[in-house]
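Biologist: I'd love a close look at one part of this model, namely the salt bridges. Could you walk me through them, partner by partner?

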Amino acid sequence: MSEATPTTTPAADSEAPAPAEAVTQELGDGGLKALQAERDARKAADKAAADWQSRFNEADAARSTLSEQLEAATAATPAAVADELRKHLVTFHSIDEEDADLFLTGKDAETLLKQVSRLTARSAAPATPKPDPSQGPKDSQALALNGDPLLADLKSKLGIN
């Protein structure tokens, strides 16, 4: 077998850092200007990227603040609507404030409407019971206690004209 001698490739040599004088001689005056322009463009691009990143972060923070405010407002809306509806119903149906505090306890519009309908139905109920048609005389010819036919019958029995 033959001995293998290590050989260096041109790519391996170019990766090694070169002294600054060698780079200057290799690139020349135009190359140095192009290299400097490239470096300046890179710095400007990095600065622009950092500026856009800070703008994005500010916009993201504002979006999350607005999102939190929206969620809070959305959560508070049903309670505010129910409170205003309760005030309207108390005024509209002339419900006493003590009765309203006692009976109108719903936290949403649907419950409040049901409570008001039940409260107004109970307060509109008559104080005296309804007449029962199954009781009393069945025929329509029954004599009234203070009617003329009764008086005439009584006078005839007593013999008074």
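Modeller: Happy to; here is a tour of the salt bridges, with a short stop at a nonpolar patch afterwards. Please keep in mind that this is a predicted model. As general background, side chains of opposite charge can pair when their charged atoms come close. Searching the whole structure turns up seven salt bridges, and I'll take some of them in turn.

Let's begin in helix H2, which covers residues 20-92. Here Arg 42 pairs with Asp 46, and their closest N and O atoms are 3.2 Å apart. The two residues are separated by about one helical turn, because they sit four residues apart in helix H2. How open are the two partners? Arg 42 is exposed, since its relative accessible area is 57%. Asp 46 has a relative accessible area of 40%, so this residue is partly exposed.

Staying with helix H2, we come to Asp 51 and Arg 55, whose side chains form a salt bridge with an N to O distance of 3.7 Å. Once again the spacing is four residues, about one turn of the helix, with both residues in H2. Asp 51 is partly exposed at 36% relative accessible area, and Arg 55 also counts as partly exposed, at 45%.

The next pair takes us beyond a single helix. Arg 86 and Asp 101 meet through their side chains in a salt bridge of 2.9 Å, N to O. Arg 86 belongs to helix H2 while Asp 101 belongs to helix H3 (residues 97-103), so this pair ties together parts that are 15 residues apart in sequence. Is Arg 86 buried or exposed? Its relative accessibility is 17%, so Arg 86 counts as buried, the cut-off for that label being under 20%. There is also a network to look at: Asp 83, Glu 84 and Lys 87 are joined into one by salt bridges that share partners.

Finally, here is the nonpolar stop I promised. Leu 154, Leu 158 and Ile 160 make a nonpolar surface patch of about 310 Å². Of these residues, Ile 160 is located in the segment that follows helix H5 (148-158). Ile 160 counts as partly exposed because its relative accessibility is 48%.

To retrace the route on your screen, start with Arg 42 and Asp 46 in helix H2, go on to Asp 51 and Arg 55 in that helix, and then follow the link from Arg 86 in H2 to Asp 101 in H3.

Key:
Residues are numbered from 1 along each chain as its sequence is written. This is a predicted model: local features need pLDDT of at least 70, side-chain atom pairs count only at pLDDT 80 or more; totals for chains, interfaces and linings use all residues. Side-chain values use heavy atoms; hydrogens and water are left out. Patches are made of residues with over 30% relative accessible area and no salt bridge: like charges are joined within 9 Å, nonpolar side chains (Val, Leu, Ile, Met, Phe, Trp, Tyr) within 5 Å. Accessible areas come from the Shrake-Rupley method with a 1.4 Å probe; for residues, only the protein chains shown count as cover. A salt bridge is a side-chain nitrogen of Lys or Arg within 4 Å of a carboxyl oxygen of Asp or Glu. Buried means under 20% relative accessible area, exposed over 50%, partly exposed in between (1.4 Å probe, protein chains only).
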